[in-house]
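Hi everyone, thanks for coming. I'd like to walk you through one structure today, so have a look at the screen while I talk.

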Amino acid sequence: MRLALTTAICSVAAMAPSGAFAVDYMTAEAAAKLMFAEADRFELQDWLLDAAQLQAIAALGVKPRSARWQLRLAYKGKELLGVLVADEVLGKFELISYAVGVGADGRLRGLEILAYRESHGHEIRSAAWRKQFVGKAQGAPIKLGEDIANISGATLSCSHVTDGVKRIVTVVEQARRSGRLG
């Protein structure tokens with residue numbers, strides 16, 4: 001009886017996760033203040049892309065994923081400094097929350113990982129990996145293995161976040177072209 005109970009406990013323990021890996025690093029609001037430190041105010045705007053805008057994004061080879069986006073506009077006085085968009089992508093099994101800041105000139109100001117829930121691949125939060133995106137704009141490949149380096153052991157996280165960043169840069173460019181950003 002005792003042996004059977006010990007075996008049952010060991011079996012259950014072996015199936016349980018070995019630890020919790022989910023980490024919330026920062027909020028979208030904190031990321032906005034970090035990427036647009038000179039801003040004196042932020043304004044949230046919901047934006048619903050119409051069918052023509054969704055098709056324009058798809059024509060650029062980017063899956064729009066959603067028609068509804070929340071833009072966090074950064075201002076210094078009346079001057080628009082840029083926009084931050086927070087989103088999530090699937091890692092291997094769990095969602096990765098991230099935020100992308102795009103300047104008023106359309107160039108990427110930064111990428112922050114807001115929350116990471118996978119057991120592997122957290123290296124995408126390293127400053128060196130995220131720095132590869134800075135300065136890129138619509139028209140840049142923003143593609144893993146081309147202008148964005150992979151991290152061995154974090155391939156799915158690298159790939160999915162890179163695709164997400166490209167999607168956000170494309171959506172923000174659509175917002176700029178439509179006059180949504182001033």
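I'll start with the sheet, move on to the helices, and finish with some charged side chains.

One thing before we dive in: what you see is a predicted model.

Okay, the sheet. As a bit of background, strands of a sheet pair through backbone hydrogen bonds, and they can do that either parallel or antiparallel. Here we've got 6 strands in an open sheet, and the pairing is antiparallel. If you want to trace the order across, go β1-β6-β5-β4-β3-β2. So which strands stand at the edges? Those are β1, residues 23–24, and β2, and each has a single partner strand, so one side of each is left without a neighbour in the sheet.

Now zoom in on β3, β4 and β5. Strand β3 covers residues 68–76 and β4 covers 79–90, and the two are paired antiparallel through 5 bridges. A good place to look is K76, because you can find E79 of β4 standing opposite. The hairpin between β3 and β4 has 2 residues between the strands, and G77 there has a positive phi, near 65 degrees.

Carry on along the chain and β4 leads into β5 by way of another hairpin, this time through 4 residues. How many bridges join β4 to β5? There are 9, with β5 being residues 95–103, and again the two strands run antiparallel. If you like checking pairs on screen, try E88, which sits opposite S97 in β5. Another pair to try is G82, whose bridge partner in β5 is G103.

On to the helices. Helix α2 lies across β2, β3, β4, β5 and β6, and it runs at about 155 degrees to β6. Then there's α3, residues 51–59. At its start, a side-chain oxygen of D50 reaches to within 3.1 Å of the backbone nitrogen of A52. After α3 comes G61, with a positive phi near 85 degrees.

Helix α5 has 23 residues. From the first C-alpha to the last, α5 reaches 33 Å, which is close to the 33 Å you'd expect at 1.5 Å a residue. Just after α5 you'll find G179, where phi is positive too, at about 85 degrees.

Let me spend a moment on R130, which lies in helix α4. Is R130 buried or exposed? Its relative accessibility is 15%, so R130 counts as buried. And what does its side chain do in there? It makes a polar contact with the side chain of E112, at 3.1 Å. A polar atom of the R130 side chain also lies 2.9 Å from the backbone oxygen of L111. Leaving out residues up to four places away in sequence, R130 touches L111, E112, I113, I124 and R125.

Last topic: salt bridges. The general idea is that side chains of opposite charge can pair when their charged atoms come close. In this model the count comes to 10 salt bridges, and I'll show you a few.

The pair I'd point at is R109 with E38, where the closest N and O atoms are 2.9 Å apart. R109 is in strand β6, residues 108–116, while E38 is in the loop between α2 and β2, so this pair ties together parts that are 71 residues apart in sequence. R109 is partly exposed at 32% relative accessibility, and E38 is partly exposed as well, at 34%.

Next, D147 and K136 meet in a salt bridge, 3.3 Å from N to O. Both residues lie in the loop between α4 and α5, so the pair ties together parts that are 11 residues apart in sequence. K136 is buried, with a relative accessible area of 17%.

Then we have E43 and R41, whose side chains meet in a salt bridge at 3.5 Å, N to O. E43 is partly exposed, with a relative accessible area of 29%, and R41 is partly exposed with 35%.

And what about a network? Which residues are linked in one by salt bridges? That would be R65, D87 and R167.

That's it from me, so over to you for questions.

How values were computed: Residues numbered from 1 in each chain as written. Predicted model: local features only at pLDDT ≥ 70, side-chain atom pairs only at ≥ 80, totals over all residues. Heavy atoms only, no water. Pairing = 2+ DSSP bridges. Salt bridge = Lys/Arg side-chain N within 4 Å of Asp/Glu carboxyl O. Buried < 20%, exposed > 50% of the residue type's maximum accessible area, 1.4 Å probe, protein only. Expected span 1.5 Å × (residues − 1). Polar contact = N/O pair within 3.5 Å; in protein donor to acceptor, adjacent residues only side chain to side chain. Contact = heavy atoms within 4.5 Å. Axes fitted to C-alpha atoms, helices over the stretch in contact; angles between N-to-C directions.
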